[in-house]
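User: I am new to this structure and would like the terms explained as we go. Please set each value against its definition.

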Amino acid sequence: SFIALSVVLFLASSLFILSFPLNKTLLKNPFVWASSGLIIHLGFFASIFEIISQDGLSDLSLDLAHERFLILYIVLISILMDSIAYFAGKSLGKRPFINNVSPNKTMEGFLAAIIATPVLLFLSSQAMFEFSAMKIIFLIFAVAIFSVIGDAFASMMKRVIEIKDFSNLIPGHGGLYDRLDSHIAAFPCFILILNLL
C-alpha cells in the first residue's frame with residue numbers, strides 16, 4: 001500500500017511540476033508538506049524492506065545470486081539517467097526542459113538519457129529477469145521516467161522554500177537528500193511494476 005501510494009503521489013506531482021509556480025501557495029501548506037513527505041518516504045522504505053526481507057522477492061521472476069544486488073541495479077538506473085542527461089545536455093542541449101523547476105535540464109539531454117538508459121541496461125542485464133524483452137524495457141523505461149520526476153519534485157520543493165540545496169553536507173553537491181531524490185522515486189516504481197509483472 002505504501003509503495004502504490006508513493007507511485008500515485010509521484011504521478012500526481014508531475015502535474016504540479018508542469019504547472020509550477022502557479023501552485024506555489026498550495027505547496028507551502030504544512031499539511032501538503034507533511035503528508036507528501038510521509039507518503040514518499042514510507043514508499044521508499046517499504047521498497048527497500050521488500051528487497052532486503054527474506055521472502056520479499058521470492059515470488060518474483062528474478063534470477064539473482066543475491067537479492068540485495070537489486071538495490072544497486074535500481075540505483076544504477078537513476079545514475080545512468082542523470083549522467084547521460086547531464087553530458088548529452090552539455091554537448092547537445094539547446095531547448096530547456098522543465099525549466100520552471102530545474103533550469104539546467106535540456107530536452108536533448110532528457111531524450112538521450114531516456115533512450116540510452118533502457119537500451120544499455122537491457123543489454124547488460126537481460127538474463128537477470130524472466131520476462132520478455134518488451135517487459136524488461138518497459139520496466140527500465142518507467143523507472144527512468146520516475147527518477148526524473150523524483151529529481152524534479154525535489155527541485156520544485158526547493159524552489160517553494162527558496163533554497164538551492166537541502167544542506168551543505170557534500171561541497172558542490174548539496175546534502176544527502178540532494179543525492180537521493182531520484183532514487184526515492186525510482187525504488188517504489190520498480191518494485192510496484194515488478195509485482196504487477
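Analyst: A crossing is left-handed if the near helix is turned anticlockwise from the far one by less than a right angle. That is how α1 passes α6, in a left-handed crossing. The model is a predicted one.

User: Why are α1 and α6 called oblique to each other?

Analyst: Their packing angle is about 60 degrees, and the axes lie 10 Å apart. Roughly parallel needs an angle under 35 degrees, roughly perpendicular needs 65 to 115, and roughly antiparallel needs one over 145. The angle fits none of these, so α1 and α6 are oblique to each other.

User: Which residues of α1 and α6 meet?

Analyst: From α1 come V7, F10, L11, S13, S14, F16 and I17. They meet F146, I149, G150, A152, F153 and M156 of α6. Sorted by class, this contact has 10 nonpolar residues, three polar and no charged. Gly is counted as polar, so G150 of α6 belongs with the polar residues here.

User: What makes α3 and α6 roughly antiparallel?

Analyst: Helix α3 (residues 30–52) packs on helix α6 (residues 133–160) at about 155 degrees, with 14 Å between the axes. The cut-off for roughly antiparallel is an angle over 145 degrees, and therefore α3 and α6 qualify. Their crossing is left-handed. On the α3 side the contact is made by W33, S36 and I40, and on the α6 side by F153, M157 and V160. Five of these residues are nonpolar, one is polar and none is charged.

User: How do α4 and α6 pack, and what is the hand of their crossing?

Analyst: The angle between α4 and α6 is about 60 degrees, with the axes 9 Å apart. α4 passes α6 in a right-handed crossing, the term used if the near helix is turned clockwise from the far one. Here Y73, I77, S78 and M81 of α4 meet I140, V143, A144, S147 and V148 of α6. The contact divides into seven nonpolar and two polar residues, with no charged ones.

User: What lines the second largest pocket, and which helix supplies the largest share?

Analyst: The lining consists of S14, I17, L18, F97, I98, F110, I145, V148, I149 and A152. α6 gives the largest share, four residues. Both α1 (2–19) and α6 supply at least two residues each. The volume of this pocket is about 180 Å³.

User: How do you know whether that lining is nonpolar or charged?

Analyst: Ala, Val, Leu, Ile and Phe are among the residue types counted as nonpolar, while Asp, Glu, Lys and Arg count as charged. By that sorting, the lining of the second largest pocket has nine nonpolar residues, one polar and no charged. S14 is the polar one, because Ser is in neither the nonpolar nor the charged list.

User: What is notable about the backbone at I98 and at P21?

Analyst: I98 has a positive phi of about 45 degrees, although it is not a glycine. I98 sits in the loop between α4 (69–92) and α5 (107–125), and I98 is also one of the residues lining the second largest pocket. The peptide bond from F20 to P21 is cis, with omega near 10 degrees. P21 is placed in the loop between α1 and α2 (24–27).

Notes
Residues are numbered from 1 along each chain as its sequence is written. This is a predicted model: local features need pLDDT of at least 70, side-chain atom pairs count only at pLDDT 80 or more; totals for chains, interfaces and linings use all residues. Side-chain values use heavy atoms; hydrogens and water are left out. Axes are lines fitted to C-alpha atoms, for helices over the stretch in contact, and angles run from 0 to 180 degrees between N-to-C directions. Contact means heavy atoms within 4.5 Å. On a 1 Å grid over the protein atoms alone, a cavity is a set of points where a 1.4 Å probe fits but cannot get out, and a pocket is an open set with protein on both sides within 12 Å along at least five of seven lines; lining residues have an atom within 4 Å of a point. Grid points are joined across faces, edges and corners, and a volume is the space filled by probe spheres set on the points.
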